[in-house]
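The following paragraphs lead the reader through a single protein, from its overall make-up to a few of its details. Please keep the sequence and the model in view while reading.

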Amino acid sequence: MKLSLAKFGIDGFLIGIISMVLLGYFFPGPGIATSPVSLEEIAGYGVSIIFLFYGIKISPKQMKAGLVNWKMHLLIQVTTFLFFPLLVIAVKPLFVSEQASLIWLGTFFLAALPSTVSSSVVMVSIAKGNIPAAIFNATISSLLGIVFTPLWTGLFIASDVGGFDVSSVVIKSALQVLLPAIIGMLLHHRFGAFAQKNSKRLKLFDQSIILLIIYTSFSHSFAEHLFDGFAMSTLLLLMGGMLLLFLAVLGITYTISKLLGFNMEDSITVMLCGSKKSLVHGTVMSKILFPNSTIMGIIIMPLMLYHALQLIASGIIAQRLANRKMSGPENVVQAGT
């Protein structure tokens, strides 16, 4: 059972996310406490450490080698940072109430995030796509997200968040995220091998910080009774919306890949990398972009739902693509239906 669930993206980390939400509901006290120790502050320092080691793991040779297939790389990044946000902006008029506006805000924040790293590469590998291209695009996407996510946030949702100061957010983002990543890249030649050797331990650290952020975020939201007005039907509609968003991007990337004449391996890479959004970047960036802790639970709720759905859906699609018998871009969608 454990192996079959893992194939569809249901693992211990996903169970941990659900557990943190429940813990925030039943025991919010430690998550909002400021003494004797503030879990929020610990999570803040953890964010910088995550990006420091992320920079250390980036190989300059790998990035240089990946520049060859520029059309595919451009399509993935345009999908991630342009098509995604535009799709969400298009439906903004449908969200009129205060509660709905917060949900839209969280969905737009999700749309402005970079793609995942590990799960994109894993899914492309399972589906027998272009693995080197997946690694390159996941890396580039994460770096671009440090810049584009705050820019999208500042340009399009400043009016939805009271007291949102774009300049202070950019400075904070640069100090807490960009600077550690740059320092990490400069240290790659010295500590790159160490980071790769201990990648599993570093992944556990990353996940621990993410879970801590989720717990403190939901602790504040539950303590302030922010979810009291949310009906189960709202949650189900949001889940349906996240699945539709995933499928819409999947369809867009498939169609453009076919028009550009990509082979099947490249088409798979575009679809599975372009449709992903990073929970790692989302949770850590939310601490910087949304200093109002009481709304963070709602802000990251669409991201957590999308994270679960994208893993399950892409896991199913990747497994079916792995068993394909024919070649050609037209079979990408056939394998996923």
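Helices are DSSP runs of H or I with at least four residues, and they are numbered from the N terminus. This convention is used throughout the description of the model, which is predicted.

The secondary structure of the protein consists of 17 helices and 0 strands. Of its 337 residues, 51% are buried. Contacts between residues at least 6 apart in sequence show how the chain is arranged: 88% of them join residues at least 24 apart.

A UniProt record, in an unreviewed entry, adds an annotation to this picture. It assigns the label "transmembrane region" to residues 12-30, 42-60, 72-91, 103-127, 134-157, 169-192, 235-256 and 295-318. Two of these stretches may be examined in the model. Residues 42-60 are 89% helix and 0% strand, with 31 Å between the end C-alpha atoms. For residues 72-91 the corresponding values are 95% helix and 0% strand, and here the end C-alpha atoms lie 28 Å apart.

Attention may now turn to the interior. The largest nonpolar core contains 81 residues, and Ile17 and Ile214 have the most contacts inside it. The greatest contribution to this core comes from helix α16, residues 293-322, which gives 17 residues. What surrounds Ile17, once its neighbours within four places in sequence are left aside? Its contacts are then Leu211, Ile214, Leu279, Met304 and His307. Ile214, one of these partners, is also named with Ile17 as having the most contacts inside the core.

The second largest pocket encloses about 670 Å³ of space. Its lining is formed by 20 residues, and Val21, Phe218, Leu235, Met301 and Leu305 lie nearest the centre. Four helices each supply at least two residues of this lining: α2 (12-26), α12 (199-223), α13 (232-259) and α16. Which classes of residue make up the lining of the second largest pocket? There are 20 nonpolar residues, with no polar and no charged ones. Helix α16 thus appears in two settings, as the helix that gives the most to the largest nonpolar core and as a contributor to the lining of this pocket.

A last detail concerns the backbone at Lys128. This residue is found in the loop between α8 (118-126) and α9 (131-156). Its phi angle is near 65°, a positive value in a residue other than glycine. Is Lys128 buried, exposed or partly exposed? Lys128 has a relative accessible area of 48%. Because exposed requires a value over 50% and buried a value under 20%, Lys128 counts as partly exposed.

Notes:
Residues are numbered from 1 along each chain as its sequence is written. This is a predicted model: local features need pLDDT of at least 70, side-chain atom pairs count only at pLDDT 80 or more; totals for chains, interfaces and linings use all residues. Side-chain values use heavy atoms; hydrogens and water are left out. UniProt positions are given in the numbering used here, feature names are shortened, and annotations may be inferred rather than shown by experiment. A nonpolar core is a set of buried Ala, Val, Leu, Ile, Met, Phe, Trp, Tyr and Cys residues joined through side-chain atoms within 4.5 Å. Buried means under 20% relative accessible area, exposed over 50%, partly exposed in between (1.4 Å probe, protein chains only). Contact means heavy atoms within 4.5 Å. On a 1 Å grid over the protein atoms alone, a cavity is a set of points where a 1.4 Å probe fits but cannot get out, and a pocket is an open set with protein on both sides within 12 Å along at least five of seven lines; lining residues have an atom within 4 Å of a point. Grid points are joined across faces, edges and corners, and a volume is the space filled by probe spheres set on the points. Ala, Val, Leu, Ile, Met, Phe, Trp, Tyr, Cys and Pro count as nonpolar, Asp, Glu, Lys and Arg as charged, and the others, Gly among them, as polar.
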